[in-house]
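Work through these exercises with the model in view. Try each task before reading its solution.

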Amino acid sequence: MKTIYPIQKDEVIWRRIGDTIVVIKEDGLSSHTLNKTASFIWELCDGNLEINEIANKLNERFEVSLEDAQADVHNLIEELTIADIIKKSKGKKDKIRY
Amino acid sequence: MKALFQRRESATEFDNTLSLQIGSICCELRCNDAEILQKLRDLYHNYLSDAEPDVFVELEVTSRMSINKLSSVLTRSRYMRHGNHFRSSGRLLNGQFDVENRTVKIAGEKALIDPDNKINLLNQLISISYYSACKMKYGTNPPAMLVHACGILRNGKIIIFAGPSNIGKTTIARLCSDRHGEVFNDEILLMSRPGTNGNGITIQNTPILGDLLPGRNTTAPLRCIFILKQNNRTTWRYLDKAEAYLRFIRQIIGPSCVGNYDKKTAYSIMADFSSEVVQSVPVYELEFNQDSDTLWRVADELEGISVAECLN
(Lines give C-alpha, C1' and ligand atoms only; values in the text may rest on other atoms or scores of the structure.)
Protein backbone atom coordinates (compact mmCIF):
# COMPACT_ATOMS: atom_id res chain seq x y z
CA MET A 1 0.00 0.00 0.00
CA LYS A 2 1.36 3.44 -0.95
CA THR A 3 2.24 5.96 1.76
CA ILE A 4 0.10 9.09 1.50
CA TYR A 5 0.77 12.45 3.11
CA PRO A 6 -2.44 14.54 2.94
CA ILE A 7 -1.90 18.29 2.60
CA GLN A 8 -4.32 21.21 2.58
CA LYS A 9 -4.52 22.83 -0.84
CA ASP A 10 -2.93 26.26 -1.23
CA GLU A 11 -6.12 27.78 -2.62
CA VAL A 12 -8.19 27.33 0.52
CA ILE A 13 -8.70 29.71 3.41
CA TRP A 14 -9.67 28.19 6.72
CA ARG A 15 -10.46 29.58 10.14
CA ARG A 16 -11.24 27.94 13.45
CA ILE A 17 -14.62 29.21 14.65
CA GLY A 18 -15.34 27.77 18.09
CA ASP A 19 -15.09 23.97 17.94
CA THR A 20 -15.34 23.80 14.18
CA ILE A 21 -13.15 24.68 11.24
CA VAL A 22 -14.67 26.43 8.26
CA VAL A 23 -12.87 26.02 4.94
CA ILE A 24 -13.55 28.33 2.00
CA LYS A 25 -12.08 28.06 -1.47
CA GLU A 26 -10.43 31.28 -2.61
CA ASP A 27 -13.13 31.84 -5.23
CA GLY A 28 -15.52 32.16 -2.29
CA LEU A 29 -18.06 29.93 -4.01
CA SER A 30 -17.87 26.80 -1.91
CA SER A 31 -17.34 26.14 1.77
CA HIS A 32 -17.05 23.21 4.15
CA THR A 33 -17.73 23.15 7.87
CA LEU A 34 -15.80 20.44 9.73
CA ASN A 35 -16.95 19.00 13.05
CA LYS A 36 -14.65 18.60 16.04
CA THR A 37 -13.05 15.31 14.91
CA ALA A 38 -12.72 16.39 11.28
CA SER A 39 -11.19 19.68 12.45
CA PHE A 40 -8.59 17.77 14.47
CA ILE A 41 -7.69 15.71 11.40
CA TRP A 42 -7.68 18.78 9.12
CA GLU A 43 -5.14 20.57 11.28
CA LEU A 44 -2.79 17.58 10.98
CA CYS A 45 -2.97 17.59 7.17
CA ASP A 46 0.18 19.66 6.75
CA GLY A 47 1.95 17.30 4.37
CA ASN A 48 4.31 16.02 7.06
CA LEU A 49 2.19 13.25 8.56
CA GLU A 50 1.18 10.05 6.83
CA ILE A 51 -2.45 8.87 7.07
CA ASN A 52 -1.64 6.17 9.67
CA GLU A 53 0.27 8.70 11.80
CA ILE A 54 -2.80 10.96 11.77
CA ALA A 55 -4.96 7.99 12.77
CA ASN A 56 -2.58 7.27 15.67
CA LYS A 57 -2.95 10.82 16.92
CA LEU A 58 -6.74 10.61 16.59
CA ASN A 59 -6.69 7.38 18.60
CA GLU A 60 -4.59 9.07 21.32
CA ARG A 61 -6.73 12.20 21.46
CA PHE A 62 -10.26 10.80 21.25
CA GLU A 63 -11.89 7.69 22.68
CA VAL A 64 -11.79 5.75 19.44
CA SER A 65 -10.15 2.44 18.56
CA LEU A 66 -7.15 2.51 16.23
CA GLU A 67 -9.14 0.58 13.62
CA ASP A 68 -12.00 3.08 13.69
CA ALA A 69 -9.54 5.97 13.71
CA GLN A 70 -7.84 4.61 10.58
CA ALA A 71 -11.19 4.20 8.85
CA ASP A 72 -12.33 7.69 9.88
CA VAL A 73 -9.13 9.35 8.66
CA HIS A 74 -9.13 7.42 5.42
CA ASN A 75 -12.78 8.26 4.70
CA LEU A 76 -12.39 11.93 5.57
CA ILE A 77 -9.28 12.33 3.41
CA GLU A 78 -11.17 10.74 0.51
CA GLU A 79 -14.10 13.15 1.04
CA LEU A 80 -11.89 16.20 1.29
CA THR A 81 -9.92 15.15 -1.77
CA ILE A 82 -13.15 14.85 -3.77
CA ALA A 83 -14.16 18.27 -2.39
CA ASP A 84 -10.83 19.51 -3.81
CA ILE A 85 -9.54 21.03 -0.59
CA ILE A 86 -6.93 18.37 0.23
CA LYS A 87 -4.34 16.85 -2.04
CA LYS A 88 -2.55 13.57 -1.52
CA SER A 89 1.19 13.80 -1.66
CA LYS A 90 3.44 10.77 -2.02
CA GLY A 91 6.30 12.43 -0.14
CA LYS A 92 6.63 14.61 2.94
CA LYS A 93 6.08 18.31 2.35
CA ASP A 94 9.57 19.16 3.58
CA LYS A 95 11.08 17.00 0.84
CA ILE A 96 8.90 18.35 -1.98
CA ARG A 97 10.70 20.61 -4.43
CA TYR A 98 8.71 23.60 -5.62
CA MET B 1 -0.71 60.13 -18.03
CA LYS B 2 -0.52 63.91 -18.64
CA ALA B 3 -1.08 66.12 -15.58
CA LEU B 4 -4.67 67.19 -15.96
CA PHE B 5 -5.25 68.61 -12.55
CA GLN B 6 -4.05 71.58 -10.64
CA ARG B 7 -3.40 71.34 -6.93
CA ARG B 8 -5.64 73.42 -4.69
CA GLU B 9 -2.96 76.08 -3.98
CA SER B 10 -2.43 76.87 -7.66
CA ALA B 11 -6.05 76.72 -8.81
CA THR B 12 -7.12 79.99 -10.37
CA GLU B 13 -10.51 79.38 -11.96
CA PHE B 14 -12.16 77.11 -9.38
CA ASP B 15 -11.18 75.01 -6.43
CA ASN B 16 -11.07 71.65 -8.16
CA THR B 17 -10.77 69.48 -5.06
CA LEU B 18 -12.90 68.13 -2.29
CA SER B 19 -11.80 65.97 0.63
CA LEU B 20 -14.03 63.19 1.77
CA GLN B 21 -13.83 61.48 5.16
CA ILE B 22 -14.61 57.74 5.12
CA GLY B 23 -14.00 56.38 8.61
CA SER B 24 -10.34 56.99 9.46
CA ILE B 25 -9.47 57.64 5.81
CA CYS B 26 -9.40 61.00 4.06
CA CYS B 27 -9.70 60.89 0.28
CA GLU B 28 -8.94 63.96 -1.82
CA LEU B 29 -10.91 64.03 -5.05
CA ARG B 30 -9.74 66.31 -7.84
CA CYS B 31 -12.07 66.84 -10.78
CA ASN B 32 -11.85 68.89 -13.98
CA ASP B 33 -15.62 69.44 -14.16
CA ALA B 34 -16.93 72.24 -11.94
CA GLU B 35 -20.56 71.16 -12.27
CA ILE B 36 -19.86 67.57 -11.19
CA LEU B 37 -17.64 68.73 -8.36
CA GLN B 38 -20.36 71.03 -7.01
CA LYS B 39 -22.89 68.20 -7.16
CA LEU B 40 -20.50 65.98 -5.22
CA ARG B 41 -19.92 68.71 -2.63
CA ASP B 42 -23.68 69.02 -2.11
CA LEU B 43 -24.19 65.27 -1.99
CA TYR B 44 -21.36 64.59 0.43
CA HIS B 45 -21.70 67.73 2.55
CA ASN B 46 -21.82 65.67 5.78
CA TYR B 47 -18.52 63.98 4.92
CA LEU B 48 -16.29 66.85 3.78
CA SER B 49 -13.02 67.06 5.67
CA ASP B 50 -9.95 69.26 6.21
CA ALA B 51 -7.75 66.35 7.24
CA GLU B 52 -4.49 65.44 5.50
CA PRO B 53 -5.45 63.18 2.55
CA ASP B 54 -4.46 59.51 2.64
CA VAL B 55 -5.24 58.96 -1.04
CA PHE B 56 -5.70 61.19 -4.10
CA VAL B 57 -8.28 60.43 -6.76
CA GLU B 58 -7.88 62.39 -9.99
CA LEU B 59 -11.05 62.35 -11.98
CA GLU B 60 -11.10 63.46 -15.61
CA VAL B 61 -14.65 63.80 -16.84
CA THR B 62 -15.30 63.20 -20.54
CA SER B 63 -18.55 63.81 -22.42
CA ARG B 64 -18.40 61.81 -25.61
CA MET B 65 -21.67 59.88 -25.28
CA SER B 66 -25.33 60.59 -24.74
CA ILE B 67 -26.99 58.86 -21.80
CA ASN B 68 -28.94 56.58 -24.19
CA LYS B 69 -25.82 55.55 -26.02
CA LEU B 70 -24.05 55.04 -22.70
CA SER B 71 -26.80 52.75 -21.37
CA SER B 72 -26.57 50.51 -24.40
CA VAL B 73 -22.76 50.40 -24.32
CA LEU B 74 -22.73 49.72 -20.55
CA THR B 75 -24.64 46.47 -20.87
CA ARG B 76 -21.93 45.08 -23.15
CA SER B 77 -19.01 46.66 -21.33
CA ARG B 78 -16.28 44.56 -19.77
CA TYR B 79 -13.70 45.64 -17.21
CA MET B 80 -10.07 44.78 -17.88
CA ARG B 81 -6.92 45.21 -15.89
CA HIS B 82 -3.28 45.10 -16.96
CA GLY B 83 -0.74 45.77 -14.25
CA ASN B 84 -1.47 49.18 -12.80
CA HIS B 85 -3.77 50.16 -15.68
CA PHE B 86 -7.46 49.40 -16.01
CA ARG B 87 -10.06 50.16 -18.62
CA SER B 88 -13.52 49.18 -19.69
CA SER B 89 -14.41 48.17 -23.22
CA GLY B 90 -16.21 50.85 -25.20
CA ARG B 91 -13.84 53.51 -23.78
CA LEU B 92 -16.23 54.35 -20.96
CA LEU B 93 -13.61 54.35 -18.30
CA ASN B 94 -9.85 54.04 -18.02
CA GLY B 95 -7.28 54.80 -15.43
CA GLN B 96 -4.14 53.88 -13.62
CA PHE B 97 -2.94 53.27 -10.12
CA ASP B 98 0.17 54.94 -8.77
CA VAL B 99 0.89 53.29 -5.44
CA GLU B 100 4.02 55.33 -4.73
CA ASN B 101 2.17 58.62 -4.99
CA ARG B 102 -1.03 57.24 -3.41
CA THR B 103 -2.95 58.29 -6.50
CA VAL B 104 -5.72 56.79 -8.60
CA LYS B 105 -6.23 58.50 -11.97
CA ILE B 106 -9.54 57.88 -13.64
CA ALA B 107 -10.95 59.21 -16.92
CA GLY B 108 -14.62 58.44 -17.35
CA GLU B 109 -17.81 59.48 -19.07
CA LYS B 110 -19.69 62.23 -17.22
CA ALA B 111 -22.85 60.17 -16.86
CA LEU B 112 -20.92 57.52 -14.95
CA ILE B 113 -19.89 60.01 -12.29
CA ASP B 114 -22.92 62.30 -12.24
CA PRO B 115 -24.85 61.71 -8.98
CA ASP B 116 -28.10 62.69 -10.76
CA ASN B 117 -27.74 59.67 -12.97
CA LYS B 118 -28.91 56.29 -11.66
CA ILE B 119 -26.05 54.54 -13.45
CA ASN B 120 -23.08 56.02 -11.68
CA LEU B 121 -19.87 54.57 -10.36
CA LEU B 122 -19.52 56.77 -7.31
CA ASN B 123 -20.01 53.97 -4.81
CA GLN B 124 -17.31 51.85 -6.44
CA LEU B 125 -15.05 54.90 -6.51
CA ILE B 126 -15.51 55.45 -2.78
CA SER B 127 -15.00 51.77 -2.00
CA ILE B 128 -11.78 51.59 -4.09
CA SER B 129 -10.47 54.82 -2.59
CA TYR B 130 -11.18 53.63 0.95
CA TYR B 131 -9.53 50.22 0.58
CA SER B 132 -6.58 51.66 -1.38
CA ALA B 133 -5.81 54.11 1.39
CA CYS B 134 -6.31 51.37 4.00
CA LYS B 135 -3.80 49.18 2.22
CA MET B 136 -1.24 51.98 2.17
CA LYS B 137 -1.91 52.95 5.78
CA TYR B 138 -2.66 49.64 7.50
CA GLY B 139 -1.38 46.84 5.18
CA THR B 140 -3.53 43.71 5.33
CA ASN B 141 -5.24 44.70 8.56
CA PRO B 142 -7.84 47.41 7.83
CA PRO B 143 -9.35 48.78 11.06
CA ALA B 144 -12.83 48.74 9.52
CA MET B 145 -14.49 47.16 6.49
CA LEU B 146 -17.42 48.09 4.27
CA VAL B 147 -20.45 45.88 4.73
CA HIS B 148 -23.64 45.58 2.65
CA ALA B 149 -26.10 46.61 5.33
CA CYS B 150 -28.71 49.05 6.51
CA GLY B 151 -28.20 50.37 10.03
CA ILE B 152 -30.85 51.51 12.50
CA LEU B 153 -29.80 53.40 15.61
CA ARG B 154 -32.09 52.48 18.55
CA ASN B 155 -31.53 53.28 22.20
CA GLY B 156 -27.92 54.34 21.58
CA LYS B 157 -26.92 51.18 19.71
CA ILE B 158 -27.05 50.09 16.08
CA ILE B 159 -28.85 47.07 14.74
CA ILE B 160 -27.69 46.19 11.26
CA PHE B 161 -29.69 44.41 8.58
CA ALA B 162 -27.24 42.85 6.16
CA GLY B 163 -27.79 41.27 2.79
CA PRO B 164 -27.25 41.66 -0.94
CA SER B 165 -29.09 44.13 -3.18
CA ASN B 166 -32.89 43.77 -3.38
CA ILE B 167 -33.16 41.73 -0.18
CA GLY B 168 -35.05 44.42 1.75
CA LYS B 169 -32.49 46.82 3.27
CA THR B 170 -34.13 49.90 1.78
CA THR B 171 -37.58 48.60 2.73
CA ILE B 172 -36.45 48.36 6.35
CA ALA B 173 -35.01 51.88 6.17
CA ARG B 174 -38.34 53.14 4.82
CA LEU B 175 -40.27 51.29 7.56
CA CYS B 176 -38.20 53.08 10.18
CA SER B 177 -40.04 56.11 11.51
CA ASP B 178 -38.66 58.50 14.15
CA ARG B 179 -40.17 56.46 16.98
CA HIS B 180 -38.41 53.30 15.76
CA GLY B 181 -34.92 54.78 15.37
CA GLU B 182 -32.58 56.64 13.04
CA VAL B 183 -31.51 55.21 9.69
CA PHE B 184 -27.73 55.24 9.18
CA ASN B 185 -27.59 54.09 5.57
CA ASP B 186 -29.67 51.74 3.46
CA GLU B 187 -26.82 50.24 1.44
CA ILE B 188 -23.31 50.13 2.90
CA LEU B 189 -21.87 50.80 6.36
CA LEU B 190 -18.39 50.90 7.78
CA MET B 191 -17.87 48.31 10.53
CA SER B 192 -14.87 48.41 12.86
CA ARG B 193 -13.05 45.38 14.21
CA PRO B 194 -13.72 44.61 17.86
CA GLY B 195 -11.40 46.76 19.98
CA THR B 196 -8.40 45.06 21.57
CA ASN B 197 -9.06 46.86 24.85
CA GLY B 198 -12.48 45.36 25.34
CA ASN B 199 -14.32 47.95 23.30
CA GLY B 200 -16.95 46.49 21.07
CA ILE B 201 -17.56 46.92 17.37
CA THR B 202 -18.66 50.33 16.13
CA ILE B 203 -20.62 51.22 13.05
CA GLN B 204 -19.89 54.39 11.11
CA ASN B 205 -22.10 55.87 8.46
CA THR B 206 -20.61 56.23 4.96
CA PRO B 207 -21.09 58.60 2.02
CA ILE B 208 -22.35 55.64 -0.02
CA LEU B 209 -25.50 56.17 -2.04
CA GLY B 210 -28.32 53.73 -1.57
CA ASP B 211 -31.87 54.55 -2.56
CA LEU B 212 -31.80 57.08 0.27
CA LEU B 213 -29.29 59.91 0.55
CA PRO B 214 -26.33 59.38 2.90
CA GLY B 215 -27.24 60.44 6.44
CA ARG B 216 -25.11 62.26 8.99
CA ASN B 217 -21.51 61.21 9.51
CA THR B 218 -21.66 59.55 12.90
CA THR B 219 -20.61 56.43 14.81
CA ALA B 220 -22.39 54.18 17.30
CA PRO B 221 -21.73 50.82 18.99
CA LEU B 222 -23.10 47.70 17.31
CA ARG B 223 -25.88 45.78 19.12
CA CYS B 224 -26.42 42.82 16.77
CA ILE B 225 -26.51 41.70 13.15
CA PHE B 226 -29.48 40.41 11.21
CA ILE B 227 -28.78 38.56 7.97
CA LEU B 228 -31.86 39.14 5.85
CA LYS B 229 -33.85 36.48 4.05
CA GLN B 230 -37.08 37.23 2.21
CA ASN B 231 -40.11 35.23 3.24
CA ASN B 232 -43.87 35.55 3.65
CA ARG B 233 -43.58 35.72 7.44
CA THR B 234 -41.31 37.55 9.84
CA THR B 235 -39.31 35.31 12.12
CA TRP B 236 -35.77 35.06 13.42
CA ARG B 237 -33.27 32.47 14.61
CA TYR B 238 -29.87 32.69 16.23
CA LEU B 239 -27.04 31.53 13.95
CA ASP B 240 -24.26 29.45 15.47
CA LYS B 241 -20.83 30.99 14.99
CA ALA B 242 -19.78 28.83 12.03
CA GLU B 243 -22.96 29.57 10.09
CA ALA B 244 -22.82 33.24 11.10
CA TYR B 245 -19.22 33.39 9.85
CA LEU B 246 -20.15 31.93 6.47
CA ARG B 247 -23.23 34.08 6.04
CA PHE B 248 -21.57 37.29 7.22
CA ILE B 249 -18.42 37.00 5.09
CA ARG B 250 -20.62 37.25 1.99
CA GLN B 251 -21.90 40.65 3.13
CA ILE B 252 -18.42 42.19 3.34
CA ILE B 253 -17.40 44.35 0.40
CA GLY B 254 -14.17 42.79 -0.90
CA PRO B 255 -11.06 44.94 -0.51
CA SER B 256 -10.60 45.84 -4.17
CA CYS B 257 -7.94 48.52 -4.32
CA VAL B 258 -4.88 50.11 -5.82
CA GLY B 259 -2.17 47.49 -6.43
CA ASN B 260 -4.85 44.90 -5.86
CA TYR B 261 -4.47 41.99 -3.44
CA ASP B 262 -4.43 38.52 -4.93
CA LYS B 263 -7.67 36.60 -4.41
CA LYS B 264 -6.40 34.61 -1.45
CA THR B 265 -5.12 37.66 0.42
CA ALA B 266 -8.40 39.49 -0.18
CA TYR B 267 -10.42 36.53 1.11
CA SER B 268 -8.08 36.08 4.06
CA ILE B 269 -8.68 39.69 5.10
CA MET B 270 -12.44 39.11 4.87
CA ALA B 271 -12.15 35.78 6.73
CA ASP B 272 -10.24 37.33 9.64
CA PHE B 273 -12.73 40.16 9.84
CA SER B 274 -15.80 37.91 9.70
CA SER B 275 -14.32 35.57 12.30
CA GLU B 276 -13.62 38.44 14.73
CA VAL B 277 -17.05 39.97 14.22
CA VAL B 278 -19.17 36.84 14.74
CA GLN B 279 -17.30 36.01 17.93
CA SER B 280 -18.08 39.46 19.34
CA VAL B 281 -21.73 40.10 18.51
CA PRO B 282 -24.81 37.91 18.08
CA VAL B 283 -25.84 37.21 14.50
CA TYR B 284 -29.41 36.24 13.58
CA GLU B 285 -31.16 35.24 10.41
CA LEU B 286 -34.24 37.39 9.91
CA GLU B 287 -36.93 36.15 7.59
CA PHE B 288 -38.84 39.25 6.71
CA ASN B 289 -42.29 39.78 5.17
CA GLN B 290 -42.00 43.58 5.05
CA ASP B 291 -44.52 44.07 7.86
CA SER B 292 -43.44 47.02 9.99
CA ASP B 293 -45.12 46.09 13.31
CA THR B 294 -43.69 42.57 13.39
CA LEU B 295 -40.26 43.81 12.43
CA TRP B 296 -40.01 46.26 15.32
CA ARG B 297 -41.53 43.74 17.74
CA VAL B 298 -38.70 41.33 16.84
CA ALA B 299 -36.16 44.12 17.37
CA ASP B 300 -37.71 44.89 20.80
CA GLU B 301 -37.64 41.19 21.70
CA LEU B 302 -33.95 40.88 20.86
CA GLU B 303 -33.03 43.99 22.77
CA GLY B 304 -34.30 42.15 25.86
CA ILE B 305 -31.70 39.40 25.39
CA SER B 306 -28.21 40.15 26.67
CA VAL B 307 -25.27 39.81 24.29
CA ALA B 308 -23.49 37.41 26.70
CA GLU B 309 -26.58 35.18 26.73
CA CYS B 310 -26.50 34.95 22.94
CA LEU B 311 -22.78 34.34 22.57
CA ASN B 312 -22.49 31.61 25.21
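**Exercise 1. Find what share of chain B is buried, then describe its make-up.**

Solution. The model is predicted. Start with burial: of the 312 residues in chain B, 39% are buried. Next, list the elements. Chain B holds 9 helices and 15 strands. Last, look at the contacts in chain B with a separation of 6 or more: residues 24 or more positions apart make up 66% of them.

**Exercise 2. Describe the side of chain B that touches chain A.**

Solution. Begin with the residues involved. Chain B brings 10 residues to the contact, and chain A brings 12 residues. Then find the elements on the side of chain B. Two or more residues come from each of helix 6 (241–249) and helix 7 (263–278) of chain B. Helix 7 of chain B gives the most, with 6 residues. Finally, sort this side of chain B by class: 5 residues are nonpolar, 2 are polar and 3 are charged.

**Exercise 3. Decide whether G163(B) is buried or exposed, and place it in the chain.**

Solution. First, locate the residue. G163(B) sits in the loop that runs between strand 9 (157–162) and helix 5 (169–175) of chain B. Second, apply the cut-off: a residue is buried if 20 or more other C-beta atoms lie within 10 Å of its own. G163(B) has 22 C-beta neighbours inside 10 Å, so G163(B) counts as buried. Third, name its contacts, leaving aside neighbours within four places in sequence. They are H148(B), G168(B), K169(B), I227(B), L228(B) and Q251(B). Fourth, check one distance. C150(B) is 13 residues from G163(B) along the chain, and their C-alpha atoms are separated by 8.7 Å.

Terms used: Residues are numbered from 1 along each chain as its sequence is written. Chains are lettered from A and ligands numbered from 1 in the order in which they are written. This is a predicted model: local features need pLDDT of at least 70, side-chain atom pairs count only at pLDDT 80 or more; totals for chains, interfaces and linings use all residues. Helices (H or I, at least four residues) and strands (E, at least two) are DSSP runs, numbered from the N terminus. A residue is buried if 20 or more other C-beta atoms lie within 10 Å of its own, exposed if 12 or fewer, and partly exposed in between; C-beta atoms are placed from the backbone. Two residues are in contact if their C-beta atoms, placed from the backbone, lie within 7 Å. Ala, Val, Leu, Ile, Met, Phe, Trp, Tyr, Cys and Pro count as nonpolar, Asp, Glu, Lys and Arg as charged, and the others, Gly among them, as polar.
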